[in-house]
Amino acid sequence: MNQNSPEIGLIGIGLLGTAIANRLLHGTSSIHGYDCDPLQVESFAESGGTPSQSIKEVALRSQLVFLCLPNSDVVANVITELHALRNQSQQTAIRTIIDTTTGRPDEVIANAEQLKQLGIQYVEATVAGSSQQVSDGSAIIFLGGADCLTSDERKILRKVAPQQFELGAIGEATRFKLVHNLLLGLNRAVLAEALAFAESLGFDVRRTLSILEQSPAASSVMQSKGQKMVKRDWSPQAKLAQHLKDVGIILSTASEAGARTPFSVLHSVLLEQCVRAGLGDADNSAIREAFDRLTADGD
């Protein structure tokens with residue numbers, strides 16, 4: 001980065017936030033990071049980030065801020081804090097906020113309007129891919145409202161994910177992310193059901209996956225989640241409860257648009273079953289447990 005590049009801030013240092021930080025820190029960028037979990041901040045500092053004790057501290061030091069938060073309500077809380085700073089006659093350094101949160105399209109638009117009142121540019125940057133895929137550079141980003149980005153801000157964003165698609169106005173990237181997540185999540189569910197079916201027929205699940213990966217049924221989900229399902233490795237790359245939240249948004253958005261999504265209705269039921277079984281913080285590949293538990297219950 002050149003000497004005129006913006007100072008970078010990061011609010012939310014969970015799975016995705018950590019992956020984004022590591023991508024940027026790998027290129028020697030300094031990042032001011034904050035999370036409500038002190039352990040996440042400590043881990044961030046150990047990786048080379050500059051820890052902040054509050055949202056205010058990030059806002060006063062950073063021109064470009066990434067939000068990596070669980071939902072739009074939490075984003076709205078951050079914006080409320082920024083408004084409070086202005087009411088206290090404290091001028092934030094923020095020029096642009098890049099929001100990676102998957103929320104409802106109407107909430108995203110409302111948050112953008114709130115930031116506009118503060119003179120802050122807002123860009124949607126919804127991420128297609130897990131934290132692991134962000135870390136290895138294979139994730140892609142859907143952008144909304146990206147016309148305001150400077151060349152330096154675009155360079156920083158390309159360090160996070162080299163492949164990006166601009167979808168148009170604010171709200172469009174979130175809508176498209178819902179389309180993507182619908183397909184991706186159902187692909188995971190289908191793979192989980194197929195592996196459970198193969199196992200019930202007496203096939204070795206490892207060999208089953210190996211053969212399917214070479215068949216016309218092969219998919220990128222097999223590459224990213226197949227081995228986790230085979231090994232029942234539920235260490236999180238993206239949490240199952242977060243995807244259940246996304247499916248809820250998909251269903252409500254589909255209802256508003258008059259779209260029929262019967263598979264997603266069933267998908268929601270399966271994910272809810274996993275959450276009730278204590279798998280909400282597990283990787284989203286843990287949906288395989290829903291099929292095992294359904295079979296065990298005789299459903």
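## I211 and helix α9

In this predicted model, I211 has its place in helix α9, which spans residues 205–212. At a relative accessibility of 45%, I211 counts as partly exposed, because that class covers the values between the limit for buried residues, under 20%, and the limit for exposed residues, over 50%.

I211 also serves as one end of a long span through the model: its C-alpha atom and that of G103 are separated by 37 Å, and the two residues stand 108 residues apart along the chain.

## Overall build

The protein has 13 helices and 8 strands. Its radius of gyration is 20 Å, close to the 19 Å that the globule rule gives for 299 residues, so the protein is as compact as a globular protein of that length. Taken along the principal axes, the box filled by the C-alpha atoms is roughly 65 × 45 × 35 Å.

Buried residues make up 48% of the 299 residues. Among the contacts with a separation of 6 or more, 69% are accounted for by residues that lie 24 or more positions apart. On the outside, the protein exposes about 14200 Å², and carbon and sulfur atoms supply 52% of this area. As for charge, there are 26 positive and 33 negative charges, and the mean positions of these two sets are 4 Å apart.

## The aromatic pair

The structure holds 1 aromatic pair. The rings of F142 and F176 have their centres 4.9 Å apart and their planes at 75°, so the pair is edge-to-face; the angle is decisive here because planes over 60 degrees apart are assigned to that class. F142 lies in strand β7 (residues 140–144) and F176 in helix α8 (residues 172–200), so the pair ties together parts that are 34 residues apart in sequence.

The two partners also fall into separate accessibility classes: F142 is buried, with a relative accessible area of 3%, whereas F176, at 37% relative accessibility, counts as partly exposed.

## T100 and P105

T100 is found in the loop between β5 and α5, and with a relative accessibility of 5% this threonine counts as buried. Leaving aside residues up to four places away in sequence, T100 touches L16, I20, L67, C68, A125, T126 and V127, a set that contains residues on either side of T100 in the numbering. The C-alpha atoms of T100 and T150 are 18 Å apart in space, while the two residues are 50 residues apart in sequence.

P105 is found in helix α5, the helix that covers residues 105–117. This proline, too, counts as buried, at 6% relative accessibility. With residues up to four places away in sequence not counted, P105 touches G171, T174, R175, L178 and T253. Of these partners, T174 belongs to the range of helix α8, residues 172–200, and T253 belongs to the range of helix α11, residues 240–257. From P105 to A21 the C-alpha distance is 26 Å, for a separation of 84 residues in sequence.

## H83 in helix α4

H83 has its place in helix α4, which runs over residues 72–87. At 13% relative accessibility H83 counts as buried, since the value falls under the 20% limit. Its contacts, not counting residues up to four places away in sequence, are with Q114, Q117 and L118. Two of these partners, Q114 and Q117, carry numbers within the range given for α5, 105–117.

## Positive phi angles in two loops

S89 has a positive phi of about 65° although it is not a glycine. The residue is found in the loop between α4 and β5, where β5 covers 96–99, and at 68% relative accessibility S89 counts as exposed.

R232 likewise has a positive phi, in this case of about 55°, although it is not a glycine. R232 lies in the loop between α10 (220–231) and α11 (240–257). With a relative accessible area of 33%, R232 is partly exposed, whereas S89 is exposed.

Technical notes: Residues numbered from 1 in each chain as written. Predicted model: local features only at pLDDT ≥ 70, side-chain atom pairs only at ≥ 80, totals over all residues. Heavy atoms only, no water. Phe/Tyr/Trp six-rings, centres within 6.5 Å; stacked < 30°, edge-to-face > 60°. Helix = DSSP H or I, 4+ residues; strand = E, 2+ residues; numbered from the N terminus. Buried < 20%, exposed > 50% of the residue type's maximum accessible area, 1.4 Å probe, protein only. Rg over C-alpha atoms; globule rule 2.2 N^0.38 Å. Contact = heavy atoms within 4.5 Å. Areas by Shrake-Rupley, 256 points an atom, 1.4 Å probe, with all protein chains shown as cover. Lys, Arg positive; Asp, Glu negative; His and termini not counted. Charge placed at Lys NZ, Arg CZ, Asp CG, Glu CD.
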